[in-house]
Amino acid sequence: MRKTIKRASVVYVFILMILAGVGILISQFVTKGSSWATNKANAHIYSSGTVVNAGRILDRNGVVLAESKNDKRVFASGEVLRKSVLHLVGDTSGFISTGAHNLYRSQLSGYNLIDGIYRLKTSGKGSDVVLNIDSEANRIAYNAFGNYKGTIIVCNYKTAEVLCSISKPAYDVNNVPRDLQTNPNYEGVFLDKAVSGQYTPGSIMKLITAACAIENMPDVYDRTFTCDGEYKTTDGTVICNGVHGEITFGQALNQSCNCAFAQLTVELGANKLRATAEAMGFNKKLKAKEIPLTMSRFNPSTISNAELGWAGIGQSTTLINPSHFLSIIMAIANGGKGYAPDRILTMGTYGRLVPRKIDVMVNMNPETASALKSMMRSNVVDKYGDYKYPGLELCAKTGTAEIDGKTSTSVFAGFSQRSDLPLAVICFVEEAGWGSGVASSVSNTVLQYFANNYDF
Amino acid sequence: MCLSTKTKQQPEFRQVTVMVLISIFQFLSMLAVISKQEETSMNTVYVFLGYIVLEWIYMMFNVIITGKDYFELEAIAFFLSGIGLMVCATIGESYAIKQLICICLGLLTYLVLLLLIKDMRVVNALKYPAAIGSLLLLVVNLALAKVTNGARNWLELGPVSIQPSELVKVVFIFVGAVSLERLLSKKYLYLFIGYSLSCVGLLFLMRDFGTALIFFFTFIIIAYMRSGDVRTLFLICAGALMGAILIIYFKPYVANRFAAYRHVWENMDTNGYQQTRVLMYSASGGLFGLGVGEGKLRNVFAASTDLIFGMICEEMGLATGIAVLIAFACIGIFAIKAAKGSASSFYAIAAVASASLLIFQLSLNVFGVTDLLPLTGVTLPFISRGGSSIICSWGLLAYIRAAGAPFKLPAPDIAVSRKTRSRNGGVAV
């Protein structure tokens, strides 16, 4: 009898189990509640998988890009505007995974641990997401692309704000093409090339090779290179874009001389080059704030010198992510600190009270950055011509990425050295042909808009 | 509950405080429910007011006649049943009326059971009829019932449908506690094992896996309370485990349910449907809920029965959900206290087994729908919609109360000044 009664304490074990369960439950609510509540099956927010009730998405000037009215999602007026911000705003079904509708659905739903989605339920509004983007700049950039596909990103290298970002092809969310999934013209339309794209860099990769040379060859400024149109290695030949004769290191970058850079690459060797690239974020999974970036890949050949030479001038298997490379340009512009491009101005319930933290994505030796900056300035002054970019005081590097079986991609990367125009730009225009004309002129158009309308 | 810090000299005050708080809670529940109705249903008002009046009448009756020890236990049951009543009222007034009738039946069961088991002679006399009767009930159930949602555990009697296995839970503990009360001979032990195997076997035939598990668990608890022999328990567990593995192997239905466990989000629209909906809507509710009747989980199948915890979290908030869990923990604490002060091991075993069963079933339900345990499809005691479950919950509560403070109806010829048998220095009535 006494023993039996003593054994009643076994119930304490079950009570402890309840308490443990409560603890686990609470911790799961804290850590996963937001993703649970914003699941696509949640009928408070979604209707057959599409967002119906959520906060507004605005640009930096208060232009409403998407909002909810009467259990429906309403988008900005103007077809071109809608197309130009498509990948930033995202579709309501979440096909564009890096769009705000998908990526910031928890903030848009107004979810927080205490209230759940009560605010959304009572007001139908959730909380707003304000983008750093100037939607007018986006519209201008979209038009400047004409019929070409590609991407352009403009970012303030002092504050990390992304002011303009487009990805083409795009479609109009108010008038979704029926052949969206089948028409080859729309291939990859759900990918935001600015963050999920991978491009063969072409000559802008010479900036990385130059950085490696600056850091590993103390005498590189004293050297001269001879270019007779091609550079022969032990197992192949790298063809140049011209015959440059005898040139210095700086002139080699001005002329984008493949011979000089292939020679530098082979001398530096694959390992040093890879080390420089990886120190700048190549071959790493990076995140631009909340947005996961597709990896930039750089694996120079350790077997073939010709392949190594091609890798050093941005061909071969090298692929870069536009946002990541922009951050490298921002590092050059900003004394070695390349910030992670940030699309968000404010969001969430307390977004206005707490400023966004600026993340550093690329770290570069300040001396290297400064050397590259003057070389890039020289590119514009001595080669491309300042007159093409009136008043911008650009430092830049152009590129032409050759892709097997396709017309080349036109590439432009640069920044303004004006302290009142701290903008960096990267632009890829697909199948735009030889030379960097299209990317360079699109970049100029967009930067001129900011130079005329903003006082940074 | 333990809401008041008032001294033991004023138990009525404590009771009144608790009752007032519970009544306010339920009155506010009523206002919340009718505020959502397009046209105020007077029946809903009557149901809530009727329930509040019922509680107060019981409390008076309790103070005057049966002794107020363990009043908190009953208060917890009223609190939990009230939550269930509110959920039913948001579905429709007819559901609320049915639920109120079921709570009344539960309370009646509670009182009748308390009267019956206060005398060990009655207990002993009832053990064979109870055991045989309960087995017959299960057999009849198995023979007559149609398969509902994979299990054959509902019995339709005209307009009423009952779940006999719920009622048998109460009898099972009774039979277990009485047959193991004294180790007179091994005969009773074998008889009880035979009885248990029959119950569990019949439940397997009904494919009511969740309830079978609860019976098995209760069997272990009763065996532990009596024997305390860990080796014996291990043998039982090992045997049962092997059996369970075979069952899972042979019954794809059960295996299917287990397959989604901890992978509900990958199986959102198949085996994880209910769990994922519970999680997403519970999270939507936050700490204080979206408001009574405002939830979306109510549109999911079995929302007011198996998934009711999710409805509570969504509409009344995680705070209320946790209050429910804590309430069950309190029932457990009362059961320990009651068992330790009980007059014989029958009461101790019955109280501990009842509390353990309630907590086990609660855990299977709450942690099952939230994917911390595999989903087994059992009800949430006291709260889930449905009469059999409520009657069972109140019946089990009777064992706990009986162990701590057995019914003592005052004989008419005894003077009013007689002291009640109360361990905390009771007061004259």
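**Exercise 1. Find the cysteine sulfur closest to that of A:Cys240, and decide why the two form no bond.**

Solution. Start with the cut-off: a disulfide is a pair of cysteine sulfur atoms within 2.5 Å. The sulfur of A:Cys240 has its closest cysteine sulfur in A:Cys227, at 3.8 Å, which is too far for a bond. Next, take A:Cys259: its closest cysteine sulfur also belongs to A:Cys227, at 3.6 Å, again too far for a bond. By this rule the count over all chains is 0 disulfides. Finally, look at exposure, where buried means under 20% relative accessible area, exposed over 50%, and partly exposed in between (1.4 Å probe, protein chains only). A:Cys240 is buried at 11%, and A:Cys259 is buried at 2%.

A word on the ground rules before we go on. This is a predicted model, in which local features need pLDDT of at least 70 and side-chain atom pairs count only at pLDDT 80 or more, while totals for chains, interfaces and linings use all residues. Residues are numbered from 1 along each chain as its sequence is written, chains are lettered from A and ligands numbered from 1 in the order in which they are written, and side-chain values use heavy atoms, with hydrogens and water left out.

**Exercise 2. Describe the surroundings of A:Asn379.**

Solution. First place the residue: A:Asn379 sits in helix H16 of chain A, residues 366-384. (Helices, H or I of at least four residues, and strands, E of at least two, are DSSP runs numbered from the N terminus.) A:Asn379 is buried, its relative accessible area being 0%. Now list its contacts, meaning heavy atoms within 4.5 Å. With neighbours within four places in sequence set aside, A:Asn379 touches A:Leu253, A:Asn254, A:Tyr384, A:Ala396 and A:Lys397. For A:Ala396 we can add that its backbone oxygen lies 2.9 Å from the side chain of A:Asn379.

**Exercise 3. Work out the strand order of the antiparallel open sheet of 5 strands in chain A, and its edges.**

Solution. Two strands pair if DSSP finds at least two bridges between them. On that basis the order is S8-S7-S20-S19-S18 in chain A, with antiparallel pairing. The edges are S8 (162-168) and S18 (394-401) of chain A; each has a single partner strand, so one side of each lacks a neighbour in the sheet. On average, neighbouring strands are turned by 5° against each other, direction ignored.

Now check the pairs at both ends. S7(A) and S8(A) run antiparallel, joined by 6 bridges, and A:Val154 faces A:Cys164 in S8(A). Their hairpin has 5 residues between the strands, and there A:Ala160 adopts a positive phi near 70°. At the other end, S18(A) runs antiparallel to S19(A) (residues 409-416) with 8 bridges, and A:Ala401 is opposite A:Thr409.

**Exercise 4. Which helix packs on this sheet, touching S7, S8, S18, S19 and S20 of chain A?**

Solution. The helix is H17(A), residues 437-453, whose direction makes about 145° with that of S20(A) (423-430). For such angles, axes are lines fitted to C-alpha atoms, for helices over the stretch in contact, and values run from 0 to 180 degrees between N-to-C directions. Another helix, H8(A) (residues 135-144), lies across S7(A) (149-156) and S8(A), at about 35° to S8(A). To finish, check how covered S8(A) is: 7 of its 7 residues are buried.

Definitions and conventions: A polar contact is a pair of N or O atoms within 3.5 Å; within protein, one must be able to donate a hydrogen and the other to accept it, and residues adjacent in sequence count only if both atoms are side-chain atoms.
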